[in-house]
Structure formats: structure tokens, C-alpha cells
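Here's a structure I'd like to go through with you. Let's zoom in on one part of it and stay there for a while.

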Amino acid sequence: MNVLNFVNSFFSDSAHWQGYDGIPARLGEHVQYTLEALALAAAIGLPIGLVTGHYGRGGNALSLVATAGRALPSFGLLVLMTTLLGFGMLPVMIPLVVLAVPPILVTTYEAMRSVDPSPVDAARGMGMHESRILFQVELPVALPLILSGLRSAAIQIVSTATIAAYVSLGGLGRYIVDGLYQRDYEKVVGGATLVAVLALVTLALFWAVARVAVSPGVRRS
């Protein structure tokens, strides 16, 4: 059977659409892991990137941290965390957050540094507080790049959250891991297809958010 036949067989099987191992349940678990990891990574990366970018300090340190985070193998970190902490959500969240923080952190910093200094200087000359300058002057202009960093992080999490299945959790990775163990390649291909589709849906969602959240004038510039 070729790949298309595997995909057709997987999605046409009614058994894959119901129960705890059905597509809706596994998709819901995968989305939950993604949202939790993305929220944690954003809570870490966005404030640091905004503040350091606003003041223009710490860029080299952020680059080092980002490079170190990207160099860590997610699966190896998962195994290490599981060995130290046991099974559960925490050992899964740690490698996903470590994976997602660098693109958010670096892109947010670079977005803030790319803002034209003229309106920033004008706002300071008018006596605006630094926090108002950050959120009312710089952030609207930097928002497209910031969203691109969040989008990159989300795509990486969606693709990598399949590792949760290796420590007996759920998600779409369950189909891939179980399919490889059972030599059920229909299930493997089906799971991989679902992950790819979810990644494309994530791209579309961020495109829609950018259309709504970013000022038309900033989009055209």
C-alpha cells in the first residue's frame, strides 16, 4: 500500500473516531499540551524579550541562551526529566517549553529593537512613562514580528509534542508510537498526517490573529 492508501484506510475506519483512542480525544490532548507549553513559554519569553528589547540591553546574553536552548535535544531532555522526576506532565512540559522559549525570546527582542527610534524619542520628549512607551508606541509596531516568533514556537511544539507518547501520555504521538510498536504503518501514517494538518491549522490561526491584531498601517509598512 502507498501512503495515500494508508491515509484513506486510517481516516475511513470508524474505530479511529470514537473512544479514548479516537481522533477527537487524541487531538484534544495534543492541543492541550501545545497550549500549555506555549502559554508557559510565552510567559517566560515575552516579558524578558520586551524589557530587554525596550532598553537595548542583554542581546548577546539572549542569543547565548537561545542557542543553548535550541541545541538541547528534546527527546534526550525528556528522558532525563522522566528519570529525575518520574512519569507525568512535568517531564513533558520542560522540553517543550525549553524548545519554545528561544524563538519567542529572540524574535521579541529583535522586534523591539527594529522599531523606528523617532516616535520613541518623541514620546520620551513628551514625558511619557517608559511602560507607556513600551506598550503604546513600540509594541504595536513590533507586534507582527512578535507574532511570528509565537507562531514558530507553536509549530515547533505541535511537531514535538508527539514525544509525550513515549512516557505513556496521549496526544497524536500515541498513534505514531503505538503504530511503530505494533508495526501498524497505517496508524503511523495517520498520526503523522494529523500532526501535519494541525501544524497547518496553527499557521492559519496565527495568520488570522495577525490580520485582526496588527494595525493595517503596520501591515503595509
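Q: Can we take a close look at residues 27-206: what percentage of the chain is helix and what percentage is strand there, and how far apart are the end C-alpha atoms?

A: Over residues 27-206 the chain is 84% helix and 0% strand, with 19 Å between the end C-alpha atoms. Before you lean on that, a caveat: this is a predicted model, where local features need pLDDT of at least 70 and side-chain atom pairs count only at pLDDT 80 or more, while totals for chains, interfaces and linings use all residues. Residues are numbered from 1 along each chain as its sequence is written, and side-chain values use heavy atoms, leaving out hydrogens and water.

The stretch 27-206 carries the UniProt annotation "domain: ABC transmembrane type-1", from an unreviewed entry; positions follow the numbering used here, feature names are shortened, and such annotations may be inferred rather than shown by experiment. The same kind of record marks "transmembrane region" at residues 37-56, 77-105, 157-177 and 189-210. Residues 37-56 come out as 95% helix and 0% strand, with end C-alpha atoms 27 Å apart. For residues 157-177 the figures are 43% helix and 0% strand, and 17 Å between the end C-alpha atoms.

Zooming out for a second, the whole chain has 10 helices and zero strands (DSSP runs numbered from the N terminus: H or I of at least four residues for helices, E of at least two for strands). Its C-alpha atoms fill a box of roughly 65 × 40 × 25 Å along the principal axes.

Now for the empty space. On a 1 Å grid over the protein atoms alone, a cavity is a set of points where a 1.4 Å probe fits but cannot get out; a pocket is an open set with protein on both sides within 12 Å along at least five of seven lines, and lining residues have an atom within 4 Å of a point. Volume is the space filled by probe spheres set on the points, with grid points joined across faces, edges and corners.

The largest pocket has about 200 Å³. Helices α2 (23-55), α7 (130-160) and α9 each give at least two residues to the pocket lining, which includes His30, Leu38, Ala154, Val158, Leu198 and Phe206. Sorted by class, that lining has nine nonpolar, three polar and no charged residues (Ala, Val, Leu, Ile, Met, Phe, Trp, Tyr, Cys and Pro count as nonpolar; Asp, Glu, Lys and Arg as charged; the others, Gly among them, as polar).

As for cavities, a search of the whole structure turns up one of 30 Å³ or more. The largest cavity has a volume of about 40 Å³, and its lining is made by Gly69, Leu72, Ser74, Leu77, Pro95, Val98 and Leu99. Both α4 (74-85) and α5 (89-113) supply at least two of those residues, with α5 giving the largest share, three. The split for this lining is five nonpolar, two polar and no charged.
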